[in-house]
Amino acid sequence: MKTQSKRARNSRKIRRIRGIAILALIIALFIIGGTTKKLNNIANNVVEAKKIEETLDIMTDKNPVKIALNEEIRMVQEEKSNLKNEIADENNKEAEKNKDTKIAYLTFDDGPSENVTPEILDILSQYNIKATFFVVGNSAEKNPDIVKRIHEENHGIGNHTYSHRYKHIYTNTTNFLNEIKATERVLQNILGNDFETNIIRFPGGSFEKYKNPFKKVISENGYKYYDWNSLNGDAEGKNIPKNKLVSRLKATSNGKKELIILMHDTSAKKTTVEALPEIIEYLQKQGYEFGVLN
Ligand SMILES: [Zn+2]
């Protein structure tokens, strides 16, 4: 009985152990299966990760093409910023310059004349100042030496028509253009065929509406014309006293940064000569520099 039950107990024990072993085996197989699956998943993930890494490489700084591109972009941006600074500097300089620079263009019309023009040239030379002479062709023809002197002393020479006769020159644009060409020939006869000037002053200025077709024609033919924004008033009467000329200049130039000053050098304009030194000194005190029109 005792032995029998012992055997039965052993057999139960064996069955239990076997059961446990089978269970363990199942669990082990299950775990191994799971692990294999996990390993496969990991392997797949690694492949995926590598693919992603490769893709990312193109977009990250590791890629040589990208490095070169980045360098290029950096250089272009640097260049752009340098250019911006340069432009800003230039603009500042220009603004600074414009703020300070006052310029006066002395202009003498209707000459040259035998008596007045040389005196004006003497004064300009004393002050070492250049001016612009809008000469009338037939006066130039009569005074070739004075034209030469104007040119040799580096003043500007402009065209003020040949005859200055309003009735003729403003009848039609052909007359006007012919007169401009005639004065050009006079000047080339005196100064040589290399001499050219493309600046014009309209007799009486270009202000009136009826002169619009004339302005159009001369622009189309490559000329530039200059009016004035300041004057000494020497055309407003005969022998206007020097002081009046000076005060007229002061009144008409007041507050202007750029002056184109109308004066005349015909033989009657003796007070223009008298007033000129005072006008120059006044303008110098006001901070003007003197320029030549071109
Ligand atoms: Zn004139």
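**Figure 1. Asp-109 of strand 1 stands opposite Phe-134 of strand 2.** The model shown here and in the other views is predicted. Strand 1 covers residues 102-109, and strand 2 covers residues 132-135. The two strands run parallel and are joined by three bridges. Thr-107 also takes part in this pairing, with Thr-132 of strand 2 as its bridge partner. Between the two strands comes helix 3, residues 116-127, and the three elements together make a right-handed β-α-β unit.

**Figure 2. Strand 1 also pairs with strand 7 and with strand 8.** Strand 7 spans residues 258-264 and pairs with strand 1 in the parallel sense over seven bridges. Within this pairing, Leu-106 has Ile-261 of strand 7 as its bridge partner. Strand 8, residues 288-290, runs parallel to strand 1 and is joined to strand 1 by three bridges. Here Ile-103 stands opposite Glu-289. Strand 1 is largely enclosed by the rest of the structure, because seven of its eight residues are buried.

**Figure 3. Strand 2 is covered on both faces.** In a regular strand, side chains alternate between the two faces of the sheet. In strand 2, Thr-132 and Phe-134 lie on one side, Phe-133 and Val-135 lie on the other, and all four are buried. Strand 2 pairs with strand 3, residues 156-159, in the parallel sense over four bridges. Thr-132 stands opposite Gly-156, and Phe-133 stands opposite Ile-157. Thr-132 is also the bridge partner of Thr-107 in strand 1.

**Figure 4. Strand 3 is likewise covered on both faces.** Gly-156 and Gly-158 are on one side of the strand, with Ile-157 and Asn-159 on the other. These residues are all buried. Two of the residues named here also appear in the pairing with strand 2: Gly-156 opposite Thr-132, and Ile-157 opposite Phe-133.

**Figure 5. Three protein residues donate to the zinc ion.** The donors are OD of Asp-110, NE2 of His-160 and NE2 of His-164, and they lie 2.1 to 2.2 Å from the ion. Along the sequence the donor residues follow the spacing D-x49-H-x3-H. Is His-160 buried or exposed? His-160 counts as buried because its relative accessibility is 1%, under the cut-off of 20%. Asp-110 has a relative accessibility of 19% and therefore counts as buried as well.

**Figure 6. The loop between strand 1 and helix 3 holds Asp-110 and Pro-112.** Asp-110 has a positive phi of about 80°, although it is not a glycine. Asp-110 is also one of the donors of the zinc ion. A cis peptide bond joins Gly-111 and Pro-112, with omega at about 0°.

**Figure 7. Asn-128 lies in the loop between helix 3 and strand 2.** Asn-128 is not a glycine, yet its phi is positive, at about 55°. What is the relative accessible area of Asn-128? The value is 61%, so Asn-128 is exposed; the cut-off for exposed is over 50%.

**Figure 8. Asp-227 sits in the loop between strand 5 and strand 6.** Strand 5 covers residues 224-225, and strand 6 covers 230-231. Asp-227 is buried because its relative accessible area is 17%. Asp-227 and Ile-200 are 27 residues apart in sequence, and their C-alpha atoms are 9.0 Å apart in space.

**Figure 9. Ser-247 is part of helix 9, residues 242-253.** Its relative accessibility is 40%, so Ser-247 counts as partly exposed. Ser-247 and Asn-232 are 15 residues apart in sequence and 7.7 Å apart in space, taken from C-alpha to C-alpha.

**Figure 10. One cavity of 30 Å³ or more is found in a search of the whole structure.** The largest cavity holds about 30 Å³ of space. Which residues line the largest cavity? The lining consists of Asp-234, Gly-237, Asn-239, Ile-240, Ala-268, Lys-269 and Thr-271. By type, two of the lining residues are nonpolar, three are polar and two are charged.

Notes. Residues are numbered from 1 along each chain as its sequence is written. This is a predicted model: local features need pLDDT of at least 70, side-chain atom pairs count only at pLDDT 80 or more; totals for chains, interfaces and linings use all residues. Side-chain values use heavy atoms; hydrogens and water are left out. Donors are N, O and S atoms within 2.8 Å of the metal (3.2 Å for Na, K and Ca); water is not among the atoms, so sites may look incomplete. Buried means under 20% relative accessible area, exposed over 50%, partly exposed in between (1.4 Å probe, protein chains only). On a 1 Å grid over the protein atoms alone, a cavity is a set of points where a 1.4 Å probe fits but cannot get out, and a pocket is an open set with protein on both sides within 12 Å along at least five of seven lines; lining residues have an atom within 4 Å of a point. Grid points are joined across faces, edges and corners, and a volume is the space filled by probe spheres set on the points. Ala, Val, Leu, Ile, Met, Phe, Trp, Tyr, Cys and Pro count as nonpolar, Asp, Glu, Lys and Arg as charged, and the others, Gly among them, as polar. Two strands pair if DSSP finds at least two bridges between them. A crossover is right-handed if, with the strands pointing away from the viewer, the path from the first strand over the helix to the second runs clockwise.
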